[in-house]
Each structure stands twice: as C-alpha cells, then as structure tokens.
Amino acid sequence: MASPGPATEPAEGPGTTGRDLRRVVVGALVGTALEWYDFFIYGTAAALVFNVLFFPESDPAVGTLTAFATFGVGFVFRPLGGIVFGHIGDRIGRRETLILTTLVMGVSTGVIGLLPTYASIGWWAPALLVLMRVLQGLGAGAEFGGASTLLAEHAPPARRGYYTSFAQTGVQIGLVLGTVAFLLVGLLPQEQLLSWGWRVPFLVSFVLIGVSLYVRLRVEESPVFRRAAAEQRLIKLPVLETLRSYPRNLLIGVGAHIADTAAVYLFATFTVAYATGTLGIPRGTVLTGVILFGIVVIILQPVYGALSDRIGRKPLNVFSVVFLAAFIYPFFLLLRTEQPVLVVLALVVATALGVAPMIAVQPAFYAELFGARVRYSGFATSREVGAALAGFTPLLATALVADDGSPWWVAAYLVGTCVISLVAFLAAPELKDIDIAEAGPAKLHANRRGSVGRTTSGP
C-alpha cells in the first residue's frame, strides 16, 4: 500500500500547517526512539550482564531471575508516571510534558552507566540500579501516551492512524538501537564487556538527551489543547474526571495493552536469555533476530496505520491478537531447532503478523478512547496499567522454564494474555471517524473554570 512518508507534503489537520505536522511526526519519531532506546537497553543488559555484575552471590538462574525482577520494577512505576505526567500534560500541555519526560528518562539511564557494581559497594549497587529503573519507569509511563496524543491532535482526521503510527515506529527504532548497541559491545572480550563495555550504551543516553530536546523544542503544541486552554476548558483533576466519565474505556485500555506488552518483552528480552542460556544459541544470532524483529515492525507500522484508516482499528487488533495466540507454539518449536535461519524466521513472522498490526493501531486506538480534556491522562493511565500487569513477563517466563527448560507453560501464559486483550478489543467501539477534539461520551459538564451555566460537550 503506497502511503506518503512524513517527508512528503501532508494533508493538514485543523489548526496545523504542513510544516508543523512534519515537525510533530519527526519529534514523535526521534523522541520516542531515544526514550525507548533508554528503556529497552535495560532489558538487554538484564538478560546478558546484570545477573553477573549486580547479583553475583546468586547462582546463574537465580541471578537472571533477580535481574529480570528489577527489569519489571520499571513497569510497576509506569502507571504512576502515566498518572502524574498525564495530569501535567492535560493541565499545562503535551509538548512541555514530553520535554520533562525526556530529561527524567535520559538522566536516569545515563546514571546507570556510572553506577559501581556489587564488587565495589555491595548491595548498594543493586539498590541504586533499582532506583534508576524506577525513574525510567516514571518517564516511560508518560512518553508514549504524550507523543501519541500530540500526533493524534495534529493529524488530519482521515489519516490519523497513519500519522500516529510513527510514535510506535519510534519505539521500535529504540528497540533496534538498543539491541545494536549491545550487539556491538558484545563483540568485546568477556572481561572488557563486564568491566566497561556494558556501560557505553547507557552513557550514550547523555548525548541523546540533547538530540531529543533539540527536536522537541521545535514542535508546536497541540491545536486541540491550545483551544481548550484558550476557552478555559481545562480540568483541575483530569485523572478523576477520567475515572468518572470513562470507566469502561479505561478497562478496555488496560486489557488492550496486556497481550502486546507480554509478546514484545517475551520475544525481545526473554528470548535472548532463553536462547543463549538454555538452548546455547550464539548471542549474535539471537540479537540479530531481535534486530530484524524491530526492523520489520518499523517498516510495517505506517502500512498497518494507513490500513486502519480504511478498515478500522478493530479488525487489525482482533486479527493480530488471534494470530499471536495461534503462532506462539510454532514459535517455540522453531526456536528449539537451534537453527539460526529458523530462529530468525520465528521472530520475523511473530512480529510481522502477531505484533506489528496491533501496536501500529495502538496510538490512534487509545487517543480515540478519551475526550480532549483528559486524553493524555486516560491514554497514559490505562495503557500503563496494562503494561504493569504484563511487564513481569520475562521474570515469569524465566521462572516457568527454570526446572526443565520446557517453554510450553510460557506459551500457555502468552495465550492467556491474548484472551484478555481479545475481550478488550471485542468490547471496544470502532472510533476511527470520531472528532478528536471532542472524542468521548456525549455528556455535558459545567465548565469548571468558566462562568456559571456555561457548558461544554464532553471532557
């Protein structure tokens, strides 16, 4: 399907010029790529080196479990980040909030590269590592919702799915960059990798902060937010308003993000540890497969996003989650052959048909669930609660294969997450044609900051 990329002259959304829209697309693409590079490299490091450097008193299996437990801590704090920064985003603006999350994520990631290990300061080392992971979780909890909201509110209505898909493209670019970084430092001798090589991908984050800030400072605020602020229609406590006006959509949002979260971290993080540690597949082979996994998603995001503008978000969501549940057993059968070509094939097929459609649709899907005045809060809160519920997937999967190396309970676990998300997708309304400026239930609310008796048409 031929679709113009962000560099072509785009159709303009209400209040957005073509140049502004291009800047928003580039800002979302670069910003999410760099922030999720930060978030993903922790998972790769947890699979490859943290068990040795920060938890050396444990045996290898327990050390890996502990490292993945600290990985999951980030997901526990993602809902809090969604609530806190979602509130800020609905009160002072999407753009300013994204600048703040860039600093939180970038600094905490860079500091990880400076941490002393267990051999130097004992248990203070993993304690500080967990603290930085908490800060990463807070930043990640707001990043995707904010970037997607900004894109959705700038995009032309008929192409909202296409343009918002670039937020998810940025996430996958972050995954690829993070995996490439560890593939390169993994070429070092093991002694050098463990002494200083592992720090390099984290320290690069200090440089990436500047790049991300430069791009985001050039982006215009959402016209939808500017209008709400000018008309004094901002809400004092948007999270509470979301709970009151959108309880059903919140639950849909939570359930919708469970399967793809479990799948992405199963394929991109757990598979690295399982294939290298249990099956003995060379690390380079597995990391190459993960890189191709991310590249396939990057290529397909705008394709599936544009398709969702034609046929709707719901058909793609349902197809994706059903395929994912059906393919997980063949995925492990291919992985257990230990043949490099089949290992890579398993990862590529899993993402092309089981993950890519669902996550391409996600930015538009969530933005359309909530009204303009609470969109950032509703989007970030519901999505990140779903992420928290599935964020311990690498830990659970590692525990499930610990006894005999069999992955079939892991496969059953992923099928269970797919069932939950399928229920959410079937319950969700099709909203691709909704007016993004007034999306939400048709319910009148008194303007909390305007004159007495003045009303607005939905939060």
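A polar contact is a pair of N or O atoms within 3.5 Å. One such pair makes a good starting point in this predicted model: the backbone oxygen of Arg233 lies 2.9 Å from a polar atom of the Arg373 side chain. Arg373 itself sits in the loop that runs between α16 (340-367) and α17 (375-390). Although buried, Arg373 has no salt bridge. Its nearest side chain of opposite charge belongs to Glu241, 5.7 Å away, whereas a salt bridge calls for a side-chain nitrogen and a carboxyl oxygen within 4 Å.

The two helices that flank this loop also appear in the surroundings of α12. Helix α12 spans residues 247-256 and is mostly covered, with seven of its 10 residues buried. These are Asn249, Leu250, Ile252, Gly253, Val254, Gly255 and Ala256. The buried residues of α12 pack against α16 and α17, and also against α11 (238-245), α13 (258-278) and α19 (408-427).

Turning to the nonpolar interior, the largest nonpolar core holds 128 residues, and Phe50, Phe267, Phe331 and Phe332 touch the most other members. Helix α1 (residues 18-48) gives the most to this core, contributing 15 residues.

How far can the model be trusted along the chain? The mean pLDDT of the protein is 84, and 89% of its residues reach 70 or more. Two stretches call for care. Over residues 1-13 pLDDT stays under 50, and the model has 31 contacts beyond four places in sequence for them. Residues 442-459 likewise stay under 50, with 46 such contacts in the model. Where pLDDT is low, the predicted coordinates should not be read in detail.

Notes: Residues numbered from 1 in each chain as written. Predicted model: local features only at pLDDT ≥ 70, side-chain atom pairs only at ≥ 80, totals over all residues. Heavy atoms only, no water. Helix = DSSP H or I, 4+ residues; strand = E, 2+ residues; numbered from the N terminus. Buried < 20%, exposed > 50% of the residue type's maximum accessible area, 1.4 Å probe, protein only. Lys, Arg positive; Asp, Glu negative; His and termini not counted. Polar contact = N/O pair within 3.5 Å; in protein donor to acceptor, adjacent residues only side chain to side chain. pLDDT = per-residue confidence, 0-100. Contact = heavy atoms within 4.5 Å. Core = buried A, V, L, I, M, F, W, Y, C linked by side-chain atoms within 4.5 Å.
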